[in-house]
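Thanks for asking me to look through this one with you. Have the sequence and the 3D view open side by side, and take the points below one at a time.

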Amino acid sequence: MKVFKVITSLFKTHELRKKFLITFLIFIIFRFVAHIPVPGINLLALKTLFNRNQFLGLLNLFSGGTLSNFSIIALSLGPYINASIALQLLTMVFPKLEELQKEGEYGREKINQYTRFLTIPLAIIQSFGIIAILRSQGVIQQLDFFNLILTIITMTTGCLFLVWLGELITQYGIGNGISLLIFGGIIGGLPASLGQTFSVLDTINLFHLLIFIVMSVGVIAAVCFVNEAKREVRVSYAKRIVGRRLYGGKTTSLPLRINQAGVIPIIFAVSLVLVPSMVGKWLQTLSSSSFSSLGFWLVKLFDPSNIFYNLIYFLLVIGFTYFYTAVTFNPDKIAEEIRKYGGFIPGIRPGKPTAHYLKTILTRVTLAGAVFLGVIAILPSIIRSLTGITTMMIGGTGILIVVSVILETAKSIESQLLMRNYEGFLE
């Protein structure tokens with residue numbers, strides 16, 4: 001009842017109601033454009049290919065389902081996400097970018113502009129790669145140079161159009177637009193999955209279906225718990241007199257999240273683990289028997305249903321979780337900032353001992369988050385082997401994205417409601 005009361009209060013506010021309507025309208029445009037195919041595509045052959053190829057199914061997940069239609073936004077927001085990650089890593093390498101990031105609104109706008117510029121070449125490269133893969137499978141007819149360039153321009157423009165829609169939601173709607181569009185793409189594929197499940201319901205073992213439902217609820221609960229879980233490190237500030245005023249004397253906490261890296265390690269890992277299969281498929285097309293044999297073994301070893309593939313995928317996720325956490329969270333810098341403002345961790349000396357203490361805690365906390373992300377990454381294979389159900393494979397990664405976006409949007413609504421003296425969702 002309380003949730004309905006909050007929603008009613010939400011729609012009574014003209015400004016928030018307007019934001020919701022704008023967000024809803026942009027979602028309608030997004031789903032409409034997702035069904036406009038690129039010319040020259042055999043859609044029936046494309047659907048058949050995606051139903052029997054788990055490798056392309058993984059790519060389709062990160063495209064939000066638009067790749068299976070090969071629509072003009074088939075790239076989805078993949079190039080923009082990759083560009084954002086690359087800029088974030090470069091910010092840690094180049095001091096000028098780091099200084100720019102600290103310049104408030106102006107700095108963030110400049111970095112967003114650089115991200116858009118970097119998105120264009122990445123979109124062109126990914127467009128060519130996807131066309132080459134689908135052409136080798138006979139889904140796309142042989143394109144001459146002019147039509148190839150036209151198709152690449154269409155797909156690149158579709159990606160930039162989605163980026164523009166996402167920024168419109170961020171500016172005029174509610175929540176983070178890019179995250180909401182990814183969320184919308186994943187959720188948009190659920191009706192088709194449900195339809196396929198109901199069509200073969202008589203062939204599914206009811207016990208396996210029950211296991212599937214219980215595991216799905218458990219995964220959602222685990223994602224919610226881990227996404228919000230954090231280790232609080234107590235930080236105290238000594239009292240000091242500046243002029244005639246007394247500062248400090250307070251105790252705060254430094255939150256170290258278990259899932260510090262979010263879904264980014266999975267994106268990194270899946271980008272690497274899919275490369276051998278792509279290379280293998282290309283080697284199989286060569287006339288040389290040795291190269292063709294090598295390609296056959298690469299495709300077999302890195303098939304998503306293979307144990308070797310899942311083991312490599314799991315280890316890559318763990319490795320990238322530690323790498324990304326180390327890049328984005330610098331204990332030495334945090335310890336220096338605490339010392340600079342007169343703070344200290346009770347029982348730990350300021351400076352290097354504090355940095356070492358933070359590194360120790362971060363390593364332990366990150367291990368739990370890394371193992372959790374690794375299990376989430378290979379979850380579809382685990383569920384498929386236990387239940388045999390393949391029609392409802394939204395995947396642990398998709399669930400992680402969906403839950404994260406819902407929690408983020410709920411907090412955004414909460415903050416806007418609190419500003420207008422309404423009760424919020426989260427208490």
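Here are my notes, point by point, on some helices, a sheet, the salt bridges and a few single residues.

1. A word before we start: what you have here is a predicted model. Please keep that in mind as you read each point.

2. Let's begin with helix α5, which covers residues 78-93 and so has 16 residues. From its first C-alpha to its last, α5 reaches 23 Å, close to the 22 Å expected at 1.5 Å a residue.

3. Which residues of α5 are buried? They are Gly 78, Pro 79, Tyr 80, Ala 83, Ile 85, Leu 87 and Thr 91. These buried residues pack against several other helices, namely α6 (95-101), α7 (104-136), α8 (145-172), α9 (177-188) and α12 (264-273). Try colouring those partners in your viewer to see how they sit around α5.

4. Now look at a residue of α5 that is not covered. Val 93 lies in this helix, and it counts as exposed because its relative accessibility is 57%, with exposed meaning over 50%. Together with Leu 90, Met 92 and Phe 94, Val 93 forms a nonpolar patch on the surface. The accessible area of the four residues together is about 350 Å².

5. One of the helices packing against α5 is α12, and α12 itself is mostly covered, with 8 of its 10 residues buried. The buried residues in α12 are Ile 264, Pro 265, Ile 266, Ile 267, Phe 268, Ala 269, Val 270 and Val 273.

6. Another partner, α7, is the place of Thr 119. Is Thr 119 buried or exposed? Thr 119 is buried, because its relative accessible area is 0%, and buried means under 20%. Leaving out residues up to four places away in sequence, Thr 119 touches Pro 79, Tyr 80, Ala 83, Cys 159 and Leu 160. Pro 79, Tyr 80 and Ala 83 are also among the buried residues of α5, which makes Thr 119 a handy place to look at the contact with that helix.

7. Val 33 is worth a stop as well. It lies in helix α2 (residues 14-33) and counts as buried, at 9% relative accessibility. Not counting residues up to four places away in sequence, Val 33 touches Ser 71, Ile 72, Ile 73 and Phe 161. The C-alpha atoms of Val 33 and Leu 162 are separated by 9.6 Å, although the two residues are 129 residues apart along the chain.

8. Next, the charged pairs. Side chains of opposite charge can pair when their charged atoms come close. How many salt bridges does the structure hold? There are 5. In one of them, the side chains of Arg 116 and Glu 109 meet at 3.4 Å, N to O. Arg 116 counts as partly exposed at 24% relative accessibility, and Glu 109 counts as partly exposed at 39%. A network of salt bridges links Glu 109, Arg 116 and Glu 167.

9. Asp 332 forms a salt bridge with Lys 359, and their closest N and O atoms are 3.7 Å apart. Asp 332 lies in helix α16 (residues 331-340) and Lys 359 in helix α17 (residues 352-387), so this pair ties together parts that are 27 residues apart in sequence. Asp 332 is partly exposed, at 42% relative accessibility, and Lys 359 is partly exposed too, at 38%.

10. Compare that with Glu 337 and Lys 340, which form a salt bridge whose closest N and O atoms are 3.7 Å apart. Glu 337 and Lys 340 both lie in α16, 3 residues apart, about one turn of the helix. Glu 337 is partly exposed, with a relative accessible area of 33%.

11. Finally, the sheet. Strands of a sheet pair through backbone hydrogen bonds, either parallel or antiparallel. Here an open sheet of 3 strands has the order β4-β1-β5, with antiparallel pairing. β4 and β5 stand at the edges, each with a single partner strand, so one side of each is left without a neighbour in the sheet.

12. You can follow the strand pairing residue by residue. Strand β1 (residues 230-237) and strand β4 (residues 251-257) are joined by 7 bridges, and the partner of Glu 232 in β4 is Pro 255. β1 pairs with strand β5 (residues 343-344) over 2 bridges, and here Ser 236 has Phe 344 as its bridge partner.

How values were computed. Residues numbered from 1 in each chain as written. Predicted model: local features only at pLDDT ≥ 70, side-chain atom pairs only at ≥ 80, totals over all residues. Heavy atoms only, no water. Helix = DSSP H or I, 4+ residues; strand = E, 2+ residues; numbered from the N terminus. Expected span 1.5 Å × (residues − 1). Buried < 20%, exposed > 50% of the residue type's maximum accessible area, 1.4 Å probe, protein only. Contact = heavy atoms within 4.5 Å. Pairing = 2+ DSSP bridges. Patch = residues over 30% accessible without salt bridge, like charges linked within 9 Å, V, L, I, M, F, W, Y side chains within 5 Å. Areas by Shrake-Rupley, 256 points an atom, 1.4 Å probe, with all protein chains shown as cover.
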